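Visitor: I am new to this structure and would be grateful for a guided reading of its features.
Guide: Certainly; let us begin by displaying it.

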Amino acid sequence: LTPAVEAFRARLRALAVKPEAEVPAGLRATLRPYQGNGLAWLQFLDALGAGGVLADDMGLGKTLTTLALLLWRKERDGAAPTLVVAPTSVAGNWVREAARFTPDLAVLLYHGAAREKDAAALARADIVVTTYTLLRRDLPLLGSVRFRYAVLDEAQNIKNAGAQAAQAARELDAERRLALSGTPVENHLGELWAIMDFANPAMLGTAREFAARYEKPITADPASPAAQRLRGLVRPFILRRTK
């Protein structure tokens with residue numbers, strides 16, 4: 001096991017997922033039971049000092065659950081910026097949902113030719129929403145800001161670990177990392193490694209180590225002991241609910 005895994009396991013033994021979430025006072029929404037459970041899980045990861053993959057099906061409220069987490073952190077610890085990276089088609093949805101459900105969070109849409117390339121302005125926002133294209137293009141600026149959370153929406157955009165978007169995401173400076181994706185694995189287990197390596201760097205070893213230790217034996221035999229070991233490793237850090 002890698003030192004990162006050993007450290008997480010030690011913290012896991014000292015913590016347990018709370019049965020009920022601490023819902024922030026300023027949230028302008030009533031969470032459904034599964035959304036409350038999702039928030040409790042995110043709060044557990046926050047206490048653990050770990051990242052995670054929220055892999056619920058589309059339509060189950062991953063955005064609302066994440067906004068509730070960010071508002072909870074602000075109410076508890078004060079203001080600090082979070083970066084949300086999303087496809088261009090859904091970036092505006094983050095701005096609208098934040099205005100509707102968490103109006104106490106100041107949101108900056110970092111997009112378009114007129115975007116303000118000012119690290120101080122980014123640091124003053126509670127949430128900076130940008131796109132995968134601009135993450136690659138403006139990494140020197142975005143990478144210069146210390147974020148409370150780095151959130152990747154539709155994180156399957158980094159499933160190719162060698163792609164520029166994946167490399168840029170791994171270079172972000174963030175206290176915590178969260179990936180949102182209803183399809184964390186579509187074609188092969190290497191995609192899971194790419195997303196988990198963003199959320200919890202080094203937890204699954206290098207790409208080559210992961211392939212030798214897990215991907216190749218599981219591909220050859222899905223019921224192999226390697227599959228059981230991998231499930232045990234990633235289970236605390238992935239939450240998936242289906243419709």
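**Salt bridges and a helix crossing**

Guide: A salt bridge of 2.7 Å, N to O, joins the side chains of Arg 73 and Asp 77. This is a predicted model, in which local features need pLDDT of at least 70 and side-chain atom pairs count only at pLDDT 80 or more, while totals for chains, interfaces and linings use all residues. Residues are numbered from 1 along each chain as its sequence is written, and side-chain values use heavy atoms, with hydrogens and water left out.

Visitor: What is a salt bridge, and how many does a search of the whole structure find?
Guide: Side chains of opposite charge can pair when their charged atoms come close. The term here requires a side-chain nitrogen of Lys or Arg within 4 Å of a carboxyl oxygen of Asp or Glu. Over the whole structure, the search finds 13 salt bridges.

Visitor: Where do Arg 73 and Asp 77 lie?
Guide: Both belong to helix H3 (residues 62-77), four residues apart, about one turn of the helix. Helices (H or I, at least four residues) and strands (E, at least two) are DSSP runs, numbered from the N terminus.

Visitor: Is Arg 73 buried or exposed?
Guide: Buried means under 20% relative accessible area, exposed over 50%, and partly exposed in between (1.4 Å probe, protein chains only). Arg 73 has 4% relative accessibility and therefore counts as buried, whereas Asp 77, at 39%, is partly exposed.

Visitor: Which other side chain meets Arg 73 in a salt bridge?
Guide: Glu 175 does, at 3.2 Å, N to O. Glu 175 lies in strand S6 (residues 174-180) and Arg 73 in helix H3, so the pair ties together parts that are 102 residues apart in sequence. Glu 175 also forms a salt bridge with Arg 176, their closest N and O atoms being 3.5 Å apart. Through shared partners, salt bridges join Asp 46, Arg 73, Arg 76, Asp 77, Glu 175 and Arg 176 into one network.

Visitor: How should one describe two packed helices?
Guide: One gives the angle between their axes and the distance between the axes. Here, the axes of H3 and helix H4 (residues 88-101) come within 10 Å and cross at roughly 60 degrees. Axes are lines fitted to C-alpha atoms, for helices over the stretch in contact (heavy atoms within 4.5 Å), and angles run from 0 to 180 degrees between N-to-C directions.

Visitor: Which residues of H3 make the contact with H4?
Guide: They are Thr 63, Leu 64, Thr 66 and Leu 67, which meet Asn 93, Trp 94, Glu 97, Ala 98 and Phe 101 of H4.
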